[in-house]
Amino acid sequence: MLSKVVFPTSADPVLLEITREGPIFIMTMVDNENRFTTEMCKAICEALDHVQSVVDDKSLEEAVLLTRGQDKFYSNGLHMEKAFSIPGFKDHSFMPMLNKLLLFGIPTVACVNGVMRSDRGYMCMNEIDLPSPLSADMCALLRYKMQPHIYRSVVLEAKRFSGKDALAAHIVDDVAEGVEPTFELAKQVALKIAPKAKSGSIYTMIKKNMYPEISPRHMMNTNLKKGN
Amino acid sequence: MTAAQTFTLPAEGKTLIEITREGPLFIMTMVDKENRFTTEMCKAICDGLDHVAAVVEKEELTEAVLMTRGQDKFYSNGLDIEKAFSVPGFTDHTFMPMLNKILMFGIPTVACLNGHAFAGGCLMAMAHDYRVMRSDRGFMCMNEIDLPSPLPAGMSALLRYKMHPHVYRSCVLEAKRFSAQEALASHIVDGIAEGVEGTIELGKKVALKIAPKAKAGVFYGMIKEDMYPEISERLMKGAKL
């Protein structure tokens, strides 16, 4: 697959671009703030299906998904207006998309261009300041991946983590300065982990048992299946 | 048992476990070469645990601790692939319940990693309350992802409760080999020392320090059941021990 594939496939505007460099499938979110709407969640899920089908069709033994934004934002979160004008958006679109990513069948690396770069940007969960509830499933996702005292400060304090803070807290694996070096670093990390794709369908199986609390109802695949 | 006695298991056939006693320390030595888990090995370990629990109860000990160890190169190299998988349901019926018995044991437990702890051996070590590891040789590793083989939810939960999330991630998804130094830095072992004898001495120091907690009696096991609530349910779902 040499060319760029865009999502959504049959509508404007383009929200995602998928390119490939060897075993690395690069998903670039190309909108300004990459905020989550129904269209964005659907585009991500379709793109994930696309990558999985390429991996399966070619029986790739080395494969990794690398996601990134451009410039200032990885993603600024839910599109407040659009997301909340749709009843059940979180349950029907956003959570299933997160779950699909969490359990994806090949290793995944997030290149947090807005913050994994050490010189700019923050990771933050600011629900407590809005204020807005944080569903049990979203909490579980954070809880599974963060040390308890970090989780507490992330959720209850809306603590802002710089790249340096995030590294010290072990919520990112590495940092670099500037957008391009962060991307290069992410590719290095990705190349190192790509051979684990050889485990095939067992990769997702192992992850399902690693993170069992995430509600089974969010396992619903809300994407278009191939052939539909 | 007196300090002089060695209690071996199983009662008949090849000895797999030797239990000796030094004051409050009950030392369970796995004496096979790679200490791989078979039905016989799991039963021997469980019988050994029952024996220690019976002595503690009979003597009403207020200081007691279980120390496990291998000899030389291996703590345990995991499941005996051939034997374990020729027995249907081995993992559910035998291996996971054995892990649970160690996890919930009624007195403090210390694993002395004299050598490699791979897969099932790593799980056995993590089921203990404390771990010390030989610093100059040997690794801890969960290599299921490289076989590849699934990792049942009960086993995953055991690791998840005992490891930092990013360490858990690397342990399970990367089959990362942890040297003693890395295991110490990651907080998956409590201390490291050079050589087998050095490791055992350190294990005994850690054990003696924690032995007085046995005074909690039945509450020790009960507290652990509530510390690790998801695990028992998953480890015991197919138990036939």
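In the predicted model, the side chains of Arg234(B) and Glu230(B) form a salt bridge, with an N to O distance of 2.3 Å. Both residues belong to helix 10 of chain B, which spans residues 229-235, and because they are four residues apart there, about one helical turn separates them. Arg234(B) is partly exposed, since its relative accessibility is 23%. Glu230(B), at 18%, is buried. A further group of charged residues lies in chain A, where salt bridges with shared partners join Glu21(A), Glu184(A) and Lys187(A) into one network.

Over all chains, the structure contains 23 salt bridges. One of them pairs Lys4(A) with Glu17(A), and the closest N and O atoms of this pair are 3.4 Å apart. The two residues are 13 positions apart and come from distant parts of the chain: Lys4(A) is in the segment before strand 1 of chain A, and Glu17(A) is in strand 2 of chain A. Lys4(A) has a relative accessible area of 47% and is therefore partly exposed. Glu17(A) is also classed as partly exposed, with a value of 22%. Another salt bridge is formed by Asp49(A) and Lys100(A), with 2.7 Å between the closest N and O atoms. Asp49(A) is in helix 1 of chain A and Lys100(A) is in helix 3 (residues 89-102) of chain A, so this salt bridge ties together parts that are 51 residues apart in sequence. The relative accessibility of Asp49(A) is 23%, which makes this residue partly exposed. Lys100(A), at 19%, counts as buried; the cut-off for this class is under 20%.

A charged residue is also found buried in chain B. Arg21(B) has a relative accessible area of 12% and so counts as buried. This residue is part of strand 2 of chain B, which runs over residues 17-22. The side chain of Arg21(B) makes a polar contact of 3.0 Å with the side chain of Glu59(B). In addition, a polar atom of the Arg21(B) side chain lies 2.9 Å from the backbone oxygen of Gly23(B).

Nonpolar residues were examined next. In soluble globular proteins, nonpolar side chains tend to be buried together. The largest nonpolar core in the model has 77 residues. The residues with the most contacts inside this core are Ile17(B), Phe37(B), Ile45(B), Phe95(B), Leu99(B), Met140(B) and Leu159(B). Helix 1 of chain B, residues 39-58, gives the most to the core, contributing nine residues. A second core, separate from the largest one, has 45 residues, including Phe7(A), Leu60(A), Ala166(A) and Ala169(A).

Nonpolar residues also occur at the surface. Val218(B), Phe219(B), Met222(B), Ile223(B) and Met227(B) make a nonpolar surface patch of about 530 Å². Of these residues, Ile223(B) is located in helix 9 of chain B, which covers residues 218-227.

An unreviewed UniProt entry lists residues 102-127 of chain B as a "transmembrane region". In the model, this stretch of chain B is 38% helix and 31% strand. The C-alpha atoms at the two ends of the stretch are 6 Å apart.

The backbone was then considered. Most residues other than glycine have a negative phi, and most peptide bonds are trans. Exceptions to both tendencies appear in the two chains. In chain A, Asp12(A) and Pro13(A) are joined by a cis peptide bond with an omega of about -10°. Pro13(A) is in the loop between strand 1 (5-7) and strand 2 (16-21) of chain A. In chain B, a cis peptide bond with an omega of about -15° joins Leu147(B) and Pro148(B). Pro148(B) lies in the loop connecting strand 9 (140-141) to helix 5 (153-162) of chain B.

Positive phi values are found at Asn34(A) and Glu60(B), neither of which is a glycine. For Asn34(A), phi is about 50°. This residue is placed in the loop between strand 3 (24-29) and helix 1 (38-57) of chain A. Asn34(A) has a relative accessibility of 0% and therefore counts as buried. For Glu60(B), phi is near 50°. Glu60(B) is in the loop between helix 1 and strand 4 (65-69) of chain B. With a relative accessible area of 66%, Glu60(B) is exposed. The two residues thus differ in accessibility, because Asn34(A) is buried whereas Glu60(B) is exposed.

How values were computed: Residues numbered from 1 in each chain as written. Chains lettered and ligands numbered in written order. Predicted model: local features only at pLDDT ≥ 70, side-chain atom pairs only at ≥ 80, totals over all residues. Heavy atoms only, no water. Core = buried A, V, L, I, M, F, W, Y, C linked by side-chain atoms within 4.5 Å. Buried < 20%, exposed > 50% of the residue type's maximum accessible area, 1.4 Å probe, protein only. UniProt positions renumbered as here; feature names shortened; annotations may be inferred. Polar contact = N/O pair within 3.5 Å; in protein donor to acceptor, adjacent residues only side chain to side chain. Patch = residues over 30% accessible without salt bridge, like charges linked within 9 Å, V, L, I, M, F, W, Y side chains within 5 Å. Areas by Shrake-Rupley, 256 points an atom, 1.4 Å probe, with all protein chains shown as cover. Salt bridge = Lys/Arg side-chain N within 4 Å of Asp/Glu carboxyl O.
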